[in-house]
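Please find below my notes on this model, set out as numbered points. They are meant to be read alongside the sequence and the coordinates.

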Amino acid sequence: GDAKYFDVLERTLYNGLISGVSLDGGSFFYPNPLASNGKYSRKPWFGCACCPSNVSRFIPSLPGYVYAVKDNQVYVNLYLSNKAELIVNKKKVVLEQETGYPWNGDIRVKVAQGNQEFALKLRIPGWVRNEVLPSDLYSYADNQKPTYRIIVNGQETANTLNNGYLSIERKWKKGDVVKIHFDMLPRIVKANEKVVDDKGRVSVERGPIVYCAEWPDNKCNVHTVLLNQHPQFKVVEKPELLYGISQLKTDAQALSYDKNGKLITKDTELTLIPYYAWAHRGEGDMKVWLPIDVSAASALPQEVQKWEDNGFFKN
């Protein structure tokens, strides 16, 4: 009954879990690196397959995590399009979800069958509540304040949260509709200061999705990028790319040294993709934790920054 567990599950599901398997389901990572110099690629099923088998076993079990029922309480834990038959107080209740989540924050839950009183408990994700995870490991590094709205049969409700769930108690009937809206904003995240390797760096997230910069989308070496202190992001829908994703674009600077050792900065547009979708277009550079402070930035001699025919920078 505490949403923090599903906040962790959701974050793992959309990032750590599905990044470990290719989009066609045929190859696997054993580690999930957060940076690459082109030395990582997913491999076919291998002998010590404890992790691949866990991934393969978990994916078909996902429907069992979407809802939970306890007494007269129906928990909506995950948001994805589905139709579910539930038994509440020994009676059948059928719920239907329609949503484009996690690409947008609009969800429609319809009672397709069932006329009885129960509490519909909607998980309000931690990322909407300004909480990256239920710990102090990560925190948002911007001043944005996303909000959410819950509308029942056309009337907005302002019920209070309890353990991350918003409870709507009423006698439900066939045809009742709950509309949920979460503001889904691109945000920057910093790590706890005790994580030394992430000092001066941020990651970029939108909703439950963690993003990365990868070589095919950028005209600079992603390891030499310096983000603006207050980055602004543009969301670009790419239905034809990597089975359909949302890209994020922002202005940044690429750093290099000239032949005399002088630092050169060049304005560039940085494009980010969901981390789970990286390493599907050949081996090359990738980075999740991006410098936002000069102290964490890197530069390369200008002569090694040559644009290759295959579209990425080699050292």
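1. The accessible surface of the protein comes to about 15,900 Å², and carbon and sulfur atoms account for 49% of that area. Of the 315 residues in the protein, 51% are buried, and the C-alpha atoms fill a box of roughly 75 × 45 × 35 Å when this is taken along the principal axes.

2. These values, like those that follow, come from a predicted model. The mean pLDDT of the protein is 93, with 96% of the residues reaching 70 or more. A reader should nevertheless take note of residues 305-315, over which pLDDT stays under 50, although the model has 27 contacts for this stretch beyond four places in sequence.

3. As to secondary structure, the protein contains 25 strands and three helices. When contacts between residues at least 6 apart in sequence are considered, 65% of them join residues that are at least 24 apart.

4. One sheet deserves a description of its own: six strands, in the order 6-7-8-15-11-12, make up an open sheet in which the pairing is antiparallel. Its edges are strand 6 (82-88) and strand 12 (155-157), each of which pairs on one side only. On average, and with direction ignored, neighbouring strands of this sheet are turned by 25 degrees against each other. In general, the strands of a sheet pair through backbone hydrogen bonds, and they may do so in a parallel or an antiparallel manner.

5. At the edge formed by strand 6, which way do the side chains point? They alternate along the strand, so that Asn82, Ala84, Leu86 and Val88 point to one face and are buried, whereas Lys83, Glu85 and Ile87 point to the other face and are not buried.

6. The partner of this edge strand is strand 7 (residues 91-99), and the two pair in the antiparallel sense over seven bridges. Within this pairing Leu86, which is one of the buried residues of strand 6, has Val93 in strand 7 as its bridge partner. The two strands form a hairpin with two residues between them, and Asn89, which lies in the turn, has a positive phi of about 50 degrees.

7. Elsewhere in the order of the sheet, strand 15 is followed by strand 11. Strand 11 (residues 148-152) and strand 15 (residues 177-182) run antiparallel and are joined by five bridges; in this pair of strands, Ile151 stands opposite Lys179 of strand 15.

Terms used. Residues numbered from 1 in each chain as written. Predicted model: local features only at pLDDT ≥ 70, side-chain atom pairs only at ≥ 80, totals over all residues. Heavy atoms only, no water. pLDDT = per-residue confidence, 0-100. Contact = heavy atoms within 4.5 Å. Pairing = 2+ DSSP bridges. Helix = DSSP H or I, 4+ residues; strand = E, 2+ residues; numbered from the N terminus. Axes fitted to C-alpha atoms, helices over the stretch in contact; angles between N-to-C directions. Buried < 20%, exposed > 50% of the residue type's maximum accessible area, 1.4 Å probe, protein only. Areas by Shrake-Rupley, 256 points an atom, 1.4 Å probe, with all protein chains shown as cover.
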